[in-house]
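Please walk me through this structure, from the overall fold down to particular side chains.

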Amino acid sequence: MDSHRIYLRQPWMVFESSEGKVLQRRFHTPSGLTQTSRVWLILEAVPTPANVQLNGKTISFEESRSNCGEQSVYRAEITDLLSTTSNLVTIRLLSRPQTNPSAVVQKGSEELPGVGGKVYLEIWEA
């Protein structure tokens with residue numbers, strides 16, 4: 001099986017809600033997908049608990065450990081949830097915000113603003 005990664009780099013829209021920090025980002029459906037392509041959404045080192053949605057549908061993740069068990073990595077297959085063009089991923093961190101409430105767009109890094117960790121798509125071909 002062959003695979004490759006597509007990082008969901010900045011910009012992330014970041015804002016605070018009464019439940020905690022919310023991060024959102026739009027991305028296009030990867031080109032070149034075939035009938036045997038499987039697309040996974042990967043979250044590295046995102047604090048829990050978190051609620052993650054793709055296009056308004058809640059995603060259930062499998063948790064694994066990387067870096068000798070020090071860091072959680074969350075994986076969910078999203079192939080069937082992708083739209084034909086644009087997608088919206090929303091990460092709600094269900095804890096009290098630690099920053100001042102404001103809508104901010106941050107650019108330039110692979111890591112989630114104010115959270116750390118990387119978010120990417122992993123595409124597998126059978």
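**Strands, core and contacts**

In the hairpin of E5 and E6, two residues lie between the strands, and Asn55 has a positive phi near 55 degrees. The model is a predicted one. E5 and strand E6 (residues 57-58) are antiparallel and share two bridges; Leu54 has Lys57 in E6 as its bridge partner. E5 also pairs with E9, again in the antiparallel sense, over five bridges. In that pairing, Gln53 stands opposite Thr90 in E9.

These elements belong to a protein with eleven strands and zero helices. Along the sequence the pattern reads β-β-β-β-β-β-β-β-β-β-β. Among contacts with a separation of 6 or more, 78% are between residues 24 or more positions apart. Of the 126 residues, 38% count as buried.

A second hairpin is formed by E2 and E3, with four residues between them. Gly20, in the turn, has a positive phi of about 145 degrees. Strand E2 (residues 12-16) and strand E3 (residues 21-28) pair in the antiparallel sense over four bridges, and Val14 has Leu23 in E3 as its bridge partner. In a regular strand, side chains alternate between the two faces of the sheet. E2 has a covered face made up of Trp12, Val14 and Glu16, while Met13 and Phe15 are on the uncovered one.

Trp12 leads on to the interior. In soluble globular proteins, nonpolar side chains tend to be buried together. The largest nonpolar core here has 24 residues, and Trp12, Leu41 and Ile91 touch the most other members. At least two residues of this core come from each of E2, E3, strand E4 (37-44), strand E5 (50-54), strand E8 (71-77), strand E9 (86-93) and E11.

What does Leu41 contact, leaving aside its neighbours within four places in sequence? The contacts of Leu41 beyond those neighbours are Leu8, Val52, Ile59, Phe61, Tyr74, Arg75, Ala76, Ile78, Val89, Val119, Tyr120 and Leu121. Two of these residues, Tyr120 and Arg75, are taken up in turn below.

Tyr120 takes part in the one aromatic pair found in a search of the whole structure. The partner is Tyr7, and the pair is tilted, with 5.1 Å centre to centre and 50 degrees between the planes. Tyr7 lies in strand E1 (residues 2-7) and Tyr120 in strand E11 (residues 119-125), so the pair ties together parts 113 residues apart in sequence. The two rings belong to residues with unlike surroundings: Tyr120 is buried, with a relative accessible area of 3%, whereas Tyr7, at 25% relative accessibility, counts as partly exposed.

Strand E11 also holds Glu122. Is this charged residue buried or exposed? Glu122 has a relative accessible area of 8%, under the 20% limit, and therefore counts as buried. The side chain of Glu122 makes a polar contact of 2.9 Å with the side chain of Arg75. Setting aside neighbours within four places in sequence, Glu122 is in contact with His4, Arg5, Arg38, Val39, Trp40, Ile42 and Arg75.

Arg75 and Trp40, both on that list, are also linked to each other. The charged end of Arg75 sits over the ring of Trp40, 4.5 Å from the ring centre. Arg75 thus has a polar contact with Glu122, a place over the ring of Trp40 and a contact with Leu41 of the core.

Terms used:
Residues are numbered from 1 along each chain as its sequence is written. This is a predicted model: local features need pLDDT of at least 70, side-chain atom pairs count only at pLDDT 80 or more; totals for chains, interfaces and linings use all residues. Side-chain values use heavy atoms; hydrogens and water are left out. Rings of Phe, Tyr and Trp (its six-membered ring) pair if their centres lie within 6.5 Å; planes under 30 degrees apart count as stacked, over 60 as edge-to-face and the rest as tilted. Buried means under 20% relative accessible area, exposed over 50%, partly exposed in between (1.4 Å probe, protein chains only). A charge sits over a ring if NZ of Lys or CZ of Arg is within 6 Å of the ring centre and within 35 degrees of the ring normal. Two strands pair if DSSP finds at least two bridges between them. A nonpolar core is a set of buried Ala, Val, Leu, Ile, Met, Phe, Trp, Tyr and Cys residues joined through side-chain atoms within 4.5 Å. Contact means heavy atoms within 4.5 Å. A polar contact is a pair of N or O atoms within 3.5 Å; within protein, one must be able to donate a hydrogen and the other to accept it, and residues adjacent in sequence count only if both atoms are side-chain atoms.
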